[in-house]
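Colleague: Before I use this model, I would like to go through the terms attached to it and ask what each of them rests on.

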Amino acid sequence: MYHEAVALIKETNPLPAICGRVCVRPCEVACRRNLLDEGAAVGMIILKRFTADYDLGSPDTYMPVIKPSTGKKK
C-alpha cells in the first residue's frame with residue numbers, strides 16, 4: 001500500500017526514517033497551506049517518517065533498482 005510512496009520519497013531522500021526524526025521542518029514555515037484558513041502546514045516530515053517506518057516493518061521492504069556497474073569510479 002505504501003510501497004509507491006516509499007519509492008517516491010527515496011528518489012530524493014535515501015534516509016527518510018532518520019530525517020523524519022531529526023529534521024527541524026523549515027519547509028513547514030514556507031508551506032503555502034499557511035496562507036489558507038487551515039491553521040497548519042502540511043507535516044511532510046511526519047508523513048515521510050510514518051511511511052519509512054511502515055516500510056521498515058513490512059515483510060516486503062522497498063529496495064531500489066540498482067543500475068549495473070559501468071566500471072568507472074566516481
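Colleague: In which helix do arginine 49 and aspartate 53 lie, and how many residues apart are they?

Modeller: Both arginine 49 and aspartate 53 belong to helix H4, where they are four residues apart, about one turn of the helix; helices here are DSSP runs of H or I with at least four residues, and strands are E runs of at least two, numbered from the N terminus. Please keep in mind that this is a predicted model, in which local features need pLDDT of at least 70 and side-chain atom pairs count only at pLDDT 80 or more, while totals for chains, interfaces and linings use all residues. Residues are numbered from 1 along each chain as its sequence is written, and side-chain values use heavy atoms, with hydrogens and water left out.

Colleague: What makes arginine 49 and aspartate 53 a salt bridge?

Modeller: The closest N and O atoms of arginine 49 and aspartate 53 are 3.9 Å apart, and the rule asks for a side-chain nitrogen of Lys or Arg within 4 Å of a carboxyl oxygen of Asp or Glu, so the pair qualifies. Aspartate 53 also meets the side chain of arginine 21 in a salt bridge, at 2.9 Å from N to O. Because aspartate 53 lies in helix H4 (residues 44-57) and arginine 21 in helix H2, this second pair ties together parts that are 32 residues apart in sequence. Arg21, Arg49 and Asp53 are thereby linked in a network of salt bridges, and by the same rule the count comes to four salt bridges.

Colleague: Why is glutamate 28 called buried, and how is its partner arginine 25 classed?

Modeller: Glutamate 28 has a relative accessible area of 19%, and buried means under 20%, exposed over 50% and partly exposed in between (1.4 Å probe, protein chains only), so glutamate 28 counts as buried. Arginine 25, at 38% relative accessibility, counts as partly exposed. Glutamate 28 and arginine 25 form a salt bridge, with the closest N and O atoms 3.6 Å apart.

Colleague: How do you know that cysteine 19 is not bonded to cysteine 23?

Modeller: A disulfide is a pair of cysteine sulfur atoms within 2.5 Å, whereas the sulfur of cysteine 19 is 7.0 Å from the closest cysteine sulfur, in cysteine 23, which is too far for a bond. Cysteine 23 is in no disulfide either, since the nearest cysteine sulfur, that of cysteine 27, is 6.0 Å away. A search of the whole structure finds zero disulfides. Cysteine 19, with a relative accessible area of 27%, is partly exposed, and cysteine 23, at 30%, is also partly exposed.

Colleague: Which residue does the side chain of asparagine 13 reach, and at what distance?

Modeller: The side chain of asparagine 13 reaches the backbone nitrogen of leucine 15 at 3.1 Å. Asparagine 13 is placed in the loop between helix H1 (3-12) and H2, and at 12% relative accessibility asparagine 13 counts as buried.

Colleague: Why is valine 22 called exposed?

Modeller: Valine 22, which is placed in helix H2 (residues 16-22), has a relative accessibility of 60% and therefore counts as exposed.

Methods: A polar contact is a pair of N or O atoms within 3.5 Å; within protein, one must be able to donate a hydrogen and the other to accept it, and residues adjacent in sequence count only if both atoms are side-chain atoms.
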